[in-house]
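Work through the following exercises with the sequence and the model side by side. Each task is followed by a solution that goes step by step.

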Amino acid sequence: MRGTIRLMPLALLALLTWVLSGCDSEKAEADRSPAPSPSTSAAPSQASGTISPVPSDPSRTDIVAKVGEASITRDQLADRLTAQYGKQMLRELMLAEAVEQEAKALELTVTEAELEQELLDMRQGYDSEELFYEAMREQLGLSREDVRKEARYQLLMEKLSVRNVVVTDKEIDRYIADHPELTTASRYYNISQIVVEDEETARQLLSQLEGGAAFGAVAERYSIDEFTGENGGQLGWVDDQDPFVDPEILKFAAEMDVGEITGPIQTAGGYVILSLNGYREEGPRGAEEIRNAVRREIALGKAEPMRALEQSLLEKYHAQVLDTDLQ
């Protein structure tokens with residue numbers, strides 16, 4: 001079935017927008033305000049919460065950071081961000097506008113029910129809604145509203161891509177027959193892991209754990225897995241079909257009791273000590289929900305590549321980059 005939706009770099013886009021809007025607001029404020037006389041001293045602006053330009057250096061605008069005696073201005077940050085990411089971000093902004101115009105022309109909308117279902121699908125594997133949004137904020141810098149906007153955008157893109165695609169009942173029936181896991185219960189494991197390079201080290205750490213050492217502390221100190229090591233080895237909830245988890249890990253997790261620690265398990269990434277922290281089982285979706293999900297999956301598989309659709313929309317609405325530095 002369809003994986004997690006592709007997230008646009010909203011965190012970076014938000015940062016770039018904040019930086020550039022800050023620069024624009026300062027320029028607008030400068031245009032509205034009379035120029036100070038040579039004898040006037042600039043003072044920090046209490047209303048805006050920013051530091052006014054230092055009189056001795058008119059090129060400095062809003063200082064956003066200091067390192068020792070050196071200052072980093074908003075203009076410097078904006079220049080660096082624009083140079084590195086400006087083309088990508090500008091394309092995303094133009095594409096978002098083209099998608100909105102095309103959806104309006106075709107009278108395509110995303111209902112609240114569709115949006116909530118998409119968000120529910122995205123939250124699969126998280127213990128709660130709050131933990132999901134906390135992860136989005138910590139890992140991607142996305143607010144709850146950012147995630148909703150991105151989910152809506154992706155749904156609009158999907159509707160545009162599959163609007164002329166036909167999926168038959170026979171195709172749906174065949175897909176379901178070929179994927180029996182769709183109609184069976186799903187199993188989820190909450191696991192933690194310690195990954196080391198060799199079996200001997202793994203056995204030594206197992207002895208420490210058997211002697212009462214805390215799993216999280218051992219993981220933070222010894223695990224070579226960057227993704228989980230700094231978080232006490234916690235991988236969180238994964239389902240028994242997760243393609244991103246080594247099959248050997250899932251095989252052992254299925255045979256463990258909650259609270260059990262086992263290993264060493266040889267994997268492609270090293271030798272693993274595994275802890276099963278929790279287990280749950282969820283029944284399959286209803287028949288109609290399964291068919292709708294399969295219809296969507298097949299349609300997306302038949303649709304033109306997303307990149308091609310994006311380019312065609314930009315061309316249809318005559319998207320132009322006017323700044324030569326961003327072309």
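## Exercise 1: Salt bridges of helix α5

Arg148 forms a salt bridge with Glu112, with 2.9 Å between the closest N and O atoms; a salt bridge here is a side-chain nitrogen of Lys or Arg within 4 Å of a carboxyl oxygen of Asp or Glu. This pair links distant parts of the chain, since Arg148 belongs to helix α5 and Glu112 to helix α3 (residues 112–122), 36 residues apart. The model is a predicted one, in which local features need pLDDT of at least 70 and side-chain atom pairs count only at pLDDT 80 or more, while totals for chains, interfaces and linings use all residues. Residues are numbered from 1 along each chain as its sequence is written, and side-chain values use heavy atoms, with hydrogens and water left out.

Task: Find which parts of the chain are tied together by the salt bridge of Glu100 and Arg152, and state how accessible Glu100 is.

Solution. Step one is the contact itself: the side chains of Glu100 and Arg152 meet in a salt bridge at 2.7 Å, N to O. Step two places the partners: because Glu100 lies in helix α2 (residues 74–105) and Arg152 in helix α5 (residues 144–162), the pair ties together parts that are 52 residues apart in sequence. Helices (H or I, at least four residues) and strands (E, at least two) are DSSP runs, numbered from the N terminus. Step three is accessibility, where buried means under 20% relative accessible area, exposed over 50%, and partly exposed in between (1.4 Å probe, protein chains only). Glu100 is partly exposed at 33%, Arg152 is partly exposed at 32%, and Glu112, the partner of Arg148, is partly exposed at 47%.

Task: Determine which helices the salt bridge between Arg144 and Glu129 connects.

Solution. The closest N and O atoms of Arg144 and Glu129 are 2.9 Å apart. Arg144 lies in helix α5 and Glu129 in helix α4 (residues 129–140), so this pair ties together parts that are 15 residues apart in sequence. Both ends are partly exposed, Arg144 at 35% relative accessibility and Glu129 at 36%. Elsewhere, salt bridges that share partners join Asp169, Asp173, Arg291 and Arg295 into one network. A search of the whole structure finds 18 salt bridges.

## Exercise 2: A serine in helix α5

Task: Is Ser161 buried or exposed, and which residues does Ser161 contact beyond its neighbours in sequence?

Solution. Begin with the position: Ser161 lies in helix α5, and at 9% relative accessibility this serine counts as buried. Next, consider the polar atoms: a polar atom of the Ser161 side chain lies 2.8 Å from the backbone oxygen of Glu158. Finally, leaving aside neighbours within four places in sequence, Ser161 is in contact (heavy atoms within 4.5 Å) with Leu300, Ala303, Met306 and Leu309.

## Exercise 3: The partners of strand β6

Task: Describe how strand β6 pairs with strand β3 and with strand β5.

Solution. Two strands pair if DSSP finds at least two bridges between them. On one side of the comparison, strand β3 (residues 186–196) and strand β6 (residues 270–282) pair in the antiparallel sense over 11 bridges, and Ser186 stands opposite Glu282 in β6. Strand β5 (residues 261–267) also runs antiparallel to β6, to which 5 bridges join it. Within that pairing, Ile261 has Ser275 as its bridge partner in β6, and Gln266 stands opposite Tyr271. The connection from β5 to β6 is a hairpin through 2 residues.

Task: Where does Gly283 lie, and how far is Gly283 from Thr183 in space?

Solution. Gly283 is in the loop between β6 and α11 (287–302), and at 57% relative accessibility this glycine counts as exposed. Although Gly283 and Thr183 are 100 residues apart in sequence, their C-alpha atoms are 8.5 Å apart in space.

## Exercise 4: Two residues of strand β2

Task: State the accessibility of Ser71 and of Ile72.

Solution. Ser71 lies in strand β2 and is buried, with a relative accessible area of 17%. Ile72 is found in strand β2 (residues 70–73) and, at 36% relative accessibility, counts as partly exposed.

Terms used: A polar contact is a pair of N or O atoms within 3.5 Å; within protein, one must be able to donate a hydrogen and the other to accept it, and residues adjacent in sequence count only if both atoms are side-chain atoms.
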